[in-house]
Amino acid sequence: MKNLVFIDANNAAIQSMDEAMKQGFKVTFLRQSNVDVYQNNSYTQSVLSRLDNIIDMENGTDADELVRLLNTILQDNNIDGVIAPNEPSLEAVAEACQRCNIRFTDPQGVKNARDKRQARVILQEQGVPTIRSWVAHTTEEVRAIFSQHTPPFIVKPVSGFDSLYAIKVSTPEQAEAASADILNGDLPDAQIYPNIFSRGILIEEFLQGTLLSAEVGIYNGNFYEFMISGRCQSRFNECVELGSLMPAAITPDQKKECFHYAKAVCAALRLDYGIFHIEIMYTANGPILVEANPRLMGGVMPEIYRQATGVSIYPALFTIATQADTAVALPAANRAVTVRKIMPLTDGVTAPEFTTDDINTHPNIVNFYSDKLTPARKVAKDEVLGRIMVSHPNLDEANKIANTILSDIERLIGVEIHQPL
């Protein structure tokens, strides 16, 4: 029986573990003891209760600890593949796997991708289209960069994740406020991963265009084109993604161009083995990298993929992780699926009474995640209260339905929420 080791987890990884066990894999889970980014609900508990082994780790970003834990497993069991779904631990996982002689993405490739400034330097050196960017470590340096170049800019951490602290700025005051947030690191994730969020402030030229991502794989010298995904952005902050959609609303030629660009990015950054999530802005000059994520697409995107194609992405993930001889499926989307996050614009309290029964029974809703969507609940700015997933044969209709339902939810809960751009 092949043993898959998951290092850290998100909601998608919990589903992936479930599917791995159903396919006959032995599953070991190295669980971050001081933080989790998955819903601790009855489904999660049912999956965790069936795992072959759970090992708590103190710090998933510590390569030395991961080496010790992996070697402990190797004393009694084989490790046929390692899956690491969460951004902060990827560099440590890649290094640990190399030290333990376990196949994983090239550690230097992971580092190149995780350092967003270095990634752009490498792309420029390799002749891959990119944009200008600068790194600052103080608000004074941010102010100087702002005065020397033309706004607007995107300000974000050099090695952040999940769009934390990323924001579009147009004035010096906005830039300084955004940089102060990064330097102060007052969000829980920044406090948990100080080595990730202490690398400085990245200031990038603002890209105008259509936000997309290329879901691609590299295995045995082959480049696998899984999907070009689209995005729904917030009209209040373009850096806030309200959800993904599949397939993206682009032409066949644009799709081909995006995959070709993603392949060039992977080659330049040395992303040599695995499934990757390459975020792209399709501009008037063609595709330009937003950021390269050396991992499988996260959030609910694997479920969107399954709903759109009728095929799970996880068997491909298992095949590549375990270096199996199984063919990697590349199904085409046969319907459009789009998602909207339910995210408050400010701190608040939901209405004392409301019901979401009509949303649950809507004919185009294929998934409705609503664990935190309860009456009289204190909510925080940008907290994800839930998600709606809408399916329809036509993408325009799917988007219209999703937007209407999102407006209905805002009226129901009595709290202003992010709406589509």
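## A bridge between two strands

Let's start with Arg31 and Asp56: these two form a salt bridge, and their closest N and O atoms sit 2.7 Å apart. Arg31 belongs to strand E2 (residues 26–32) and Asp56 to strand E3 (residues 53–57), so this pair ties together parts that are 25 residues apart in sequence. Keep in mind that what you're looking at is a predicted model.

How exposed are the two partners? Arg31 has 25% relative accessibility, so it counts as partly exposed. Asp56 comes in at 45%, so it counts as partly exposed too.

## A loop joins in

Next up are Glu205 and Arg132, whose side chains meet in a salt bridge at 3.2 Å, N to O. Glu205 is in strand E8 (residues 201–205), while Arg132 is in the loop between helix H6 (116–125) and strand E5 (133–136), so the pair links parts 73 residues apart in sequence.

Glu205 is partly exposed, with a relative accessible area of 23%. Arg132 is partly exposed as well, at 44% relative accessibility.

## A buried pair and its network

Now for Glu291 and Lys156, another salt bridge, with the closest N and O atoms 3.7 Å apart. Glu291 lies in strand E13 (residues 286–293) and Lys156 in strand E6 (residues 153–157), so here the parts tied together are 135 residues apart in sequence. Both residues, Glu291 and Lys156, are buried.

This pair also has company: salt bridges with shared partners join Lys116, Arg120, Lys156, Glu204 and Glu291 into one network.

## The whole count

How many salt bridges does the structure hold? There are 22. As a general idea, side chains of opposite charge can pair when their charged atoms come close.

Technical notes. Residues numbered from 1 in each chain as written. Predicted model: local features only at pLDDT ≥ 70, side-chain atom pairs only at ≥ 80, totals over all residues. Heavy atoms only, no water. Salt bridge = Lys/Arg side-chain N within 4 Å of Asp/Glu carboxyl O. Helix = DSSP H or I, 4+ residues; strand = E, 2+ residues; numbered from the N terminus. Buried < 20%, exposed > 50% of the residue type's maximum accessible area, 1.4 Å probe, protein only.
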